[in-house]
Amino acid sequence: MNLLSLTDVSLTLGDTELFSNVTLGIDSGEHIGFIGPNGAGKSTLLSILTGKRLPDTGTQHRRSDLKIAYLPQIPEIPEAATVADLVFRSNDPKAALVRRYESLLEHYNEEKHEELTELQARMDHENAWNIENTYHSFLTELGIHDLSRRADTLSGGELRKADMARVLASGADLLLLDEPTNHLDLETVEWLEGWLKTGKRSYILVTHDRSFLDRSCDVILELEDRTLRKYPGNWSTYLAAKTKRLEEEEKAADKRTNILRREMEWASRQPRARATKDKKRLSRIEDLQDAPQADLQRMTEFSARGRRLGKKVLELVSVEKSRGGRKVIAPFSYSFKRGERIGVAGPNGAGKTTLLSLVSGLLSQDDGRIDAGVNTRFAVLDQSPLKADESLNVLEYMKKEADNVRNTAGELVDAGRWLERFGFPAAARRRKIRYVSGGERRRLQLIRLLMKEPNFLILDEPTNDLDLVTLGLLEQFLEEFEGCLLVVSHDRTFLEHIVDYFLILDGSGSVLGFSGSWSEYRETLKDNPGKRRISTTDAAKPARIPKKGLNFKEKKEMDDLMEDILLLEEELAELERFFSLPNPDPDELAAAGRRHDPLRKEIALKTAGWEDLAGRDE
């Protein structure tokens, strides 16, 4: 059964056309993942589906009794609102009745007894007790217990959970979830994934969490180049389907290029007097030139030079930290080494951000000692939104940090070229910060951070709001980063690719160490939750686990070898054709003979190198 449909919908913001002629049908029971580059218009399209925004053109039709619940990226918090105000905020009259009842209980006294009795009678009449129980059940599942707490005192994760309880408990037919996993701990992400998979609600979720897409969705929507495409299947199925489409487009592009070359040659040979007789053919050339090319989204190397770390990186010795009378970090010792890539995990409120702040020096410890090496240079990406003068354009914002950055080859790259490398062409660099999307703002924070040439990166939820292309670039950079990395992330695919050791905070102040991937840790936890605890006086360091397969440089080397081999084989073929000529020039024949044997040996050597790399490319 169709719940909602869009027909020929288009929208332009400012001078940017976000999408055009979008036609979409959403059926009952569909579990849709919605992806696309930052700034493509995903959140804007969701706002059209909610009815909060009208398109420039096109129509929307929805089932007359359709109920939609929307989880925005950033919750709207009324001034002085409590958790109850946030959770029970709904257009549903029963939810409003429950909110009045909850509010009365919060401020109850004997004078309000009659009002309470009246509300209880209305709750009975409206059968609203079931709704109240549903909301409380979700809040309990998500670890939210105090409904009278001010919403503006909640952490990012707690606020996300409260807003999520509002949406999930609403009973809506269609859930629109914009980056639902942002700020959540990994355990809650897994809980949400399970709830969505087993539930009967239809939903559209905007996320760049690849594991979440793979396990929670049976349809992928992609908004790219102002066009919306729908792919049946989960993330893995989408990747296969898109790869096939791009390969077909690439073949078409190659064919189009060959036709265009011939047509251009024809046009250049024609006398001017015949031009008017062949307007159709010339028009065909223009059409070929304007035709879209296959978008392969080639990854540019995400690299900046980092300062070389010394022998001593950072030592924590019996470090402690308490907050609000609660021990957040119990006495904890650890010695960081160059090249370590460590993930920090634990439930919301366990102290992950506190640990990162202690390591970076942004927060002082209560007891213990923290010693950083003389060459250690920290760079911290926290969860706070980008803070910038909204009247600045993107390039001006970057130049506030530096006019140039030095890349891994030691070459100075100006801020404009640096931005272009990370997906900000000239037009985007001139855009005012106020018009930059949430994902683009996050990317700007990350790019500017790398301009500091750090050798110890501390990243708190770096994948929030990043599109899949930028995620790939970030992973490439971190795979090659020779410094030290400490990262908190809810993105399990990102962690599997990057992290090989975990510090696990359990909420009591204790820190556990685990060598391996997140999935391996979860399996181990089922059998022995206390396994491999780190000593609070001298953390034993496991040997670093080598990653399977090739890293980015090795893959590039393999690709370069193949290109060299193909060129050398072409040269060899030319030489052998030359040998077959009936009367070759004697000097040229001698030169070809001298080149022939070394050329064959060079091909054999490069082929052996390629085969060795290919054999390790798992």
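Here are some short exercises on this predicted model, each with a worked solution.

Two ground rules before you start: residues are numbered from 1 along each chain as its sequence is written. Because this is a predicted model, local features need pLDDT of at least 70 and side-chain atom pairs count only at pLDDT 80 or more, while totals for chains, interfaces and linings use all residues, and side-chain values use heavy atoms, with hydrogens and water left out.

**Exercise 1: Confidence**

Find out where the confidence is lowest and where it is highest.

Solution.
- Start with the score itself: pLDDT is the predictor's confidence in each residue, from 0 to 100.
- Next, take the whole protein: the average pLDDT is 79, and 84% of the residues score at least 70.
- Now go to the extremes. Helix α10 (residues 279–290) has the lowest confidence, with a mean of 47, and strand β7 (residues 202–206) has the highest, at 94. Helices (H or I, at least four residues) and strands (E, at least two) are DSSP runs, numbered from the N terminus.
- Finally, look for weak stretches. Over residues 279–303 the pLDDT stays under 50, and the model has 57 contacts there beyond four places in sequence (contact means heavy atoms within 4.5 Å). Residues 530–548 also stay under 50, with 50 such contacts.

**Exercise 2: A sheet with a hairpin**

Work out the strand order of the sheet that holds β1, and say which strands stand at its edges.

Solution.
- Begin with β1 (residues 2–13) and β2 (residues 16–27): they run antiparallel and are joined by eight bridges. Two strands pair if DSSP finds at least two bridges between them.
- Pick out a bridge: Leu4 has Ile26 in β2 as its partner.
- Check the link. β1 and β2 form a hairpin with two residues between them, and Gly14 in the turn has a positive phi of about 65°.
- Move to the other pairing: β1 and β4 are antiparallel over five bridges, and Leu6 has Gln60 in β4 as its bridge partner.
- Put it together: the sheet is open, has three strands and runs in the order β2-β1-β4. β2 and β4 (57–62) each have a single partner strand, so one side of each is left without a neighbour in the sheet. The twist averages 10° from one strand to the next.
- Last, add the helix: α1 (residues 42–50) lies across β1, β2 and β4, at about 130° to β1. Axes are lines fitted to C-alpha atoms, for helices over the stretch in contact, and angles run from 0 to 180 degrees between N-to-C directions.

**Exercise 3: Two helices that meet**

Describe how α3 and α5 pack, and which residues meet.

Solution.
- Get the geometry: α3 (residues 93–106) and α5 (residues 129–141) pack at about 75°, with axes 9 Å apart.
- Classify the angle: angles under 35 degrees count as roughly parallel, over 145 as roughly antiparallel, 65 to 115 as roughly perpendicular and the rest as oblique. α3 and α5 are therefore roughly perpendicular to each other.
- List the residues: Lys94, Ala95, Val98, Tyr101 and Glu102 in α3 meet Trp129, Ile131, Glu132, Tyr135 and His136 in α5.

**Exercise 4: An aromatic pair**

Classify the pair formed by Phe138 and Trp191.

Solution.
- Know the rule: rings of Phe, Tyr and Trp (its six-membered ring) pair if their centres lie within 6.5 Å; planes under 30 degrees apart count as stacked, over 60 as edge-to-face and the rest as tilted. By this rule there are 12 aromatic pairs.
- Apply it: Phe138 and Trp191 are 6.4 Å centre to centre with 85° between the planes, which is edge-to-face.
- Place the rings: Phe138 lies in α5 and Trp191 in helix α7 (residues 186–198), so the pair ties together parts that are 53 residues apart in sequence.
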